[in-house]
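Me: I have a model open and want to go through some of its helices and one loop residue. Keep it brisk, please.

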Amino acid sequence: MKNIAFDYEFGIIGAGFGGLIAAIRLQKEGIFNFVLFERANAIGGTWRDNIYPGCACDVPSILYSIKDAPNPHWNNLFSSQSEILSYMHEVVAKHNLQEKIRLNCDIVDIAFDEESAIWHITNRAHETFKVKRVLLANGPLNRAVVPDIRGLHDFKGNYFHSNSWDSSIDLNEKKVGIIGTGASAIQIIPSIVNKVKSLHVFQRTPAWVLPRGDKRLSTFVQQIFERFPFVQKIVRSAFYWLLEFMGLAFIGNNLMYKLNEKMGLHHLRKQVKNVVTREKLTPKYKIGCKRVLRSDDYYPCFNRDNVYLNTNEIVSITDSGVITQANELIEVDVLIFATGFNAADIDFYMAIKGLHGESLTERWKQTGAEAYKSTLVQGFPNLYIMLGPNSGLGHNSVLHIMESQMEQVMAHYKHSSALQDSVMDVHPEAMKKYNIAIQSKFSDTVWASGCKSWYMNKNGKIIALFPRLSYAFRKVMKKFEANDYTIVKLKERNSL
Ligand code: NAP
């Protein structure tokens with residue numbers, strides 16, 4: 001019987017929402033021997049990094065909050081980045097997580113030791129921590145994409161990506177260009193349009209945009225939520241099921257699909273006056289195929305005199321601006337890249353080596369990112385991935401997804417924690433079967449209807465989404481199928 005010392009039962013990588021959800025659940029289960037490694041100097045993940053003007057969540061906060069850490073004091077139905085980040089800090093304080101978090105701890109290497117079944121986690125400062133289980137919660141939306149446009153480095157003005165917003169640059173009375181019209185751009189554009197001299201919006205593909213309907217939550221409502229938490233629970237549940245119902249539009253329900261499409265077209269017609277502009281803003285692909293956006297103030301920007309929608313392909317960038325396919329030079333002082341993230345070619349920016357020293361990155365280069373139930377990977381025992389392959393969604397709260405994943409993590413933990421000379425690994429056949437089933441379920445969804453989205457990897461395989469609604473995901477996560485696992489004996493320890 002092996003008796004190997006380790007520092008922590010769980011090593012959680014990342015102190016964003018994924019890490020906090022994991023930590024709260026572990027504590028709820030009576031597990032306190034864990035640590036959160038955070039590479040930045042503060043918690044918050046994407047809500048710490050994205051500070052662009054207008055940054056907010058397009059999922060109602062009553063849902064976009066941790067189930068076991070309800071907040072009765074949301075000021076609005078949809079919260080701003082700063083309010084969400086404050087909430088995360090409050091959660092850390094309330095759940096006594098400060099002492100568990102190691103800031104400025106950039107993990108670069110995670111390796112499984114086959115003799116001891118201990119994961120060795122090493123940071124950039126060459127410190128190594130021994131943990132029994134690793135939970136990767138470093139998030140899928142942090143590898144910003146700045147397209148490699150010819151001449152970009154010759155540009156004499158300022159340019160930056162939406163997730164590294166440079167607040168030192170004053171946009172007042174500047175000629176600004178923004179590339180991209182996705183979820184970040186549609187929040188940035190209305191927030192800067194009043195101050196800039198001109199705003200050139202470079203659109204490659206128009207987004208489907210639905211009304212957002214933000215509302216202020218009065219003090220009275222907040223007091224009700226505080227005094228009667230069950231009322232907040234009921235409202236949360238009502239929102240959850242409403243969004244699930246709306247999500248039917250994406251998975252083959254024609255009636256809901258038509259309703260969504262009608263709402264999108266009506267919203268555009270109502271908000272954009274100019275017929276030519278409206279036509280340019282009209283998506284030519286199925287609603288939902290790319291992420292549906294929610295805004296009440298994006299479309300009206302195109303009625304303004306200082307906003308120019310440019311749909312010509314960008315060919316190059318010069319020292320003073322952008323050259324498009326129409327051979328025009330659009331001069332700008334500042335260029336904002338709201339060009340998204342590389343989410344589908346999941347790469348953890350750290351070396352992860354499992355059984356037989358196999359590299360997860362190398363495996364996924366061959367197969368595309370794949371996991372069992374989005375959470376475990378065969379050959380990488382006791383390693384869990386928050387928001388792993390095929391776990392995302394486009395219609396509800398991603399926090400619900402991560403909370404669901406913790407069901408599978410805890411079940412695996414409970415079934416494997418007594419093992420001494422072996423580990424519980426996913427069976428290769430179960431892994432294969434699960435992924436074939438997942439991919440086959442996309443055929444009747446909007447996501448496989450022909451558009452190109454960041455949900456897909458470069459081979460067109462949908463990696464970022466679960467092909468059904470989030471309640472179905474939770475059902476899968478809650479079910480522990482022991483036959484899908486195999487017990488792997490540990491290597492004999494070299495006695496020298
Ligand atoms: P995104 O939705 O992927 O949008 C990127 C935009 O840049 C698209 O319009 C894309 O056009 C365009 N683009 C990319 N490369 C280009 C190029 N070379 N030339 C011209 N245009 C180019 O990225 P994002 O807006 O940063 O949002 C990413 C995700 O973050 C969202 O989908 C969402 O999950 C999350 N997010 C959420 C919220 C929220 O409120 N919850 C807010 C912001 C972001 P194509 O469509 O043609 O590729």
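Me: Which residue follows α9, and what is the sign of its phi?
Reply: This is a predicted model, where local features need pLDDT of at least 70, side-chain atom pairs count only at pLDDT 80 or more, and totals for chains, interfaces and linings use all residues. Residues are numbered from 1 along each chain as its sequence is written, and side-chain values use heavy atoms, with hydrogens and water left out. Helices (H or I, at least four residues) and strands (E, at least two) are DSSP runs, numbered from the N terminus. After α9 comes G368, and its phi, near 80°, is positive.

Me: What lies at the start of α9, within 3.3 Å of the backbone nitrogen of T361?
Reply: The partner is on a side chain. The atom that reaches T361 is an oxygen of S359.

Me: Which residues of helix α9 are buried?
Reply: Buried means under 20% relative accessible area, exposed over 50%, partly exposed in between (1.4 Å probe, protein chains only). On the face turned away from the buried side, K365 and Q366 are exposed. Cover for the buried residues includes β17, β18 and α11, by contact (heavy atoms within 4.5 Å). The buried residues of α9 (360–367) are L360, R363 and W364.

Me: Why do they sit on the same side of α9?
Reply: An α-helix has 3.6 residues a turn, so residues three or four places apart point the same way. The arc is taken from the directions from the helix axis to the C-beta atoms. L360, R363 and W364 are the buried residues. They share one side of α9 because their arc around the axis is only 90°.

Me: At what angle do helix α10 and helix α12 pack?
Reply: Axes are lines fitted to C-alpha atoms, for helices over the stretch in contact, and angles run from 0 to 180 degrees between N-to-C directions. The axes of α10 (398–416) and α12 (470–478) are 7 Å apart. The angle is about 15°.

Me: Which residues of α1 make the contact with α3?
Reply: The axes of α1 (17–28) and α3 (81–94) come within 11 Å and cross at roughly 25°. From α3, the contact uses I84, Y87, M88, V91 and V92. From α1, it uses F17, L20 and I24.

Me: Is L152 buried or exposed?
Reply: L152 lies in the loop between β6 and β7. Beyond four places in sequence, L152 contacts V146, P147, Y159, I317 and F337. Its relative accessible area is 4%, so L152 is buried.

Key:
A polar contact is a pair of N or O atoms within 3.5 Å; within protein, one must be able to donate a hydrogen and the other to accept it, and residues adjacent in sequence count only if both atoms are side-chain atoms.
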